[in-house]
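Colleague: Hi! I'm new to this one, could you walk me through it?
Modeller: Happy to, let's put it up on the screen.

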Amino acid sequence: VDTALWDLLGKAVDLPLYQLWGGYTDRLPAICIGGYYGDGEKPVAEQIASYRELGFAGCKFKVGGQAPETDAERTRQAREAGGGDFVLMVDANQVFDRSEALLRGKAYQAMGCFWLEEPLPPEDMEGFALVAQALDMRIATGENLNTKYAFADLIARRGADIVQPDDRRAGGVCEWMEIAAIADAYKVEVASHGGGKTNLNMLLAMPNAIYMESGGPQKIIDGEVLGPEEPGMSSEVSAEEIRKYKVG
């Protein structure tokens, strides 16, 4: 409901919402998701080259699905293929316990990875605080947290350097903005979980936003996505898409 009301208000004043909210910036670096496991997986160097060709500033690279030594080698190859101007994050999707998070985290930070994402299950707030304190690299998490209260708990424990609300789970636009404000008060940065113009509108209004997660071919200039021009949330379904998926 809150998203729909903001969309209507933006359209009423003929502005994209990030401008209505003050527009801290009009562009943001875009990162993609890569390094998935599975049959037929391309060599790591080819994957990274394809992300660079699409224009992304960096990549969230999947780890945790193989033995530590194998994952470390995959990550090393990705870091080498990306080069110094390509940001590499590692995303564990909650699969480690505290000991393994520390062990692997030290290896990833030695390679110069920008952040370690979701090393632990989201409910282990104490564990996140311990890991964040023990490692020098940034800890990122939040896609599976609901409402500003869960984020406030995590942030107050110093369990994350970067929070990543998901606009489908965090509680709507107003909740998202409050989460960002709480994070900003603690000097914690924000990145999105998920892409699209809805996320982009919110991030562009946040002074502590650093990256938008995205994917696929799109307009990227110097590693950045530009602010939407359409009024409101800028996320309307096109008539062509409605015709394509219409039933009956």
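Colleague: Let's start with H5 and H6. Is their crossing left-handed or right-handed?
Modeller: H5 and H6 cross in a right-handed way. Do keep in mind that this is a predicted model.

Colleague: Okay! At what angle do the axes of H5 and H6 cross?
Modeller: Roughly 25°, and the axes come within 10 Å. H5 covers residues 98-110 and H6 covers residues 125-134. Angles under 35 degrees count as roughly parallel, so H5 and H6 are roughly parallel to each other.

Colleague: Which residues make that contact?
Modeller: From H5 there are Arg98, Ala101 and Leu102, and H6 brings Glu126, Gly127, Leu130, Val131 and Ala134. By class, the contact of H5 with H6 has five nonpolar residues, one polar and two charged.

Colleague: Nice. Switching to H8 and H9, how do they pack?
Modeller: Their axes are 10 Å apart, and the angle is about 40°. That makes H8 and H9 oblique to each other. Their crossing is right-handed.

Colleague: And which residues of H8 and H9 touch?
Modeller: Val173, Trp176 and Met177 of H8 are in contact with H9, which contributes Asn199, Met202 and Leu203. Five residues of this contact are nonpolar, one is polar and none is charged.

Colleague: New topic, pockets! How much space lies in the largest pocket?
Modeller: The largest pocket holds about 330 Å³. It is lined by 13 residues, and those closest to its centre are Lys197, Leu200, Leu226, Gly227 and Pro228.

Colleague: Which elements give two or more residues to that lining?
Modeller: Helix H9, residues 196-203, and strand E9, residues 224-226. H9 gives the most, with three residues. So you meet H9 twice here: H9 packs with H8, and H9 also helps line the largest pocket.

Colleague: What classes of residue make up the lining of the largest pocket?
Modeller: There are five nonpolar, four polar and four charged residues in the lining.

Colleague: Great, thanks for the tour!

Key: Residues are numbered from 1 along each chain as its sequence is written. This is a predicted model: local features need pLDDT of at least 70, side-chain atom pairs count only at pLDDT 80 or more; totals for chains, interfaces and linings use all residues. Side-chain values use heavy atoms; hydrogens and water are left out. On a 1 Å grid over the protein atoms alone, a cavity is a set of points where a 1.4 Å probe fits but cannot get out, and a pocket is an open set with protein on both sides within 12 Å along at least five of seven lines; lining residues have an atom within 4 Å of a point. Grid points are joined across faces, edges and corners, and a volume is the space filled by probe spheres set on the points. Helices (H or I, at least four residues) and strands (E, at least two) are DSSP runs, numbered from the N terminus. Ala, Val, Leu, Ile, Met, Phe, Trp, Tyr, Cys and Pro count as nonpolar, Asp, Glu, Lys and Arg as charged, and the others, Gly among them, as polar. Axes are lines fitted to C-alpha atoms, for helices over the stretch in contact, and angles run from 0 to 180 degrees between N-to-C directions. Angles under 35 degrees count as roughly parallel, over 145 as roughly antiparallel, 65 to 115 as roughly perpendicular and the rest as oblique. A crossing is left-handed if the near helix is turned anticlockwise from the far one by less than a right angle, and right-handed if clockwise. Contact means heavy atoms within 4.5 Å.
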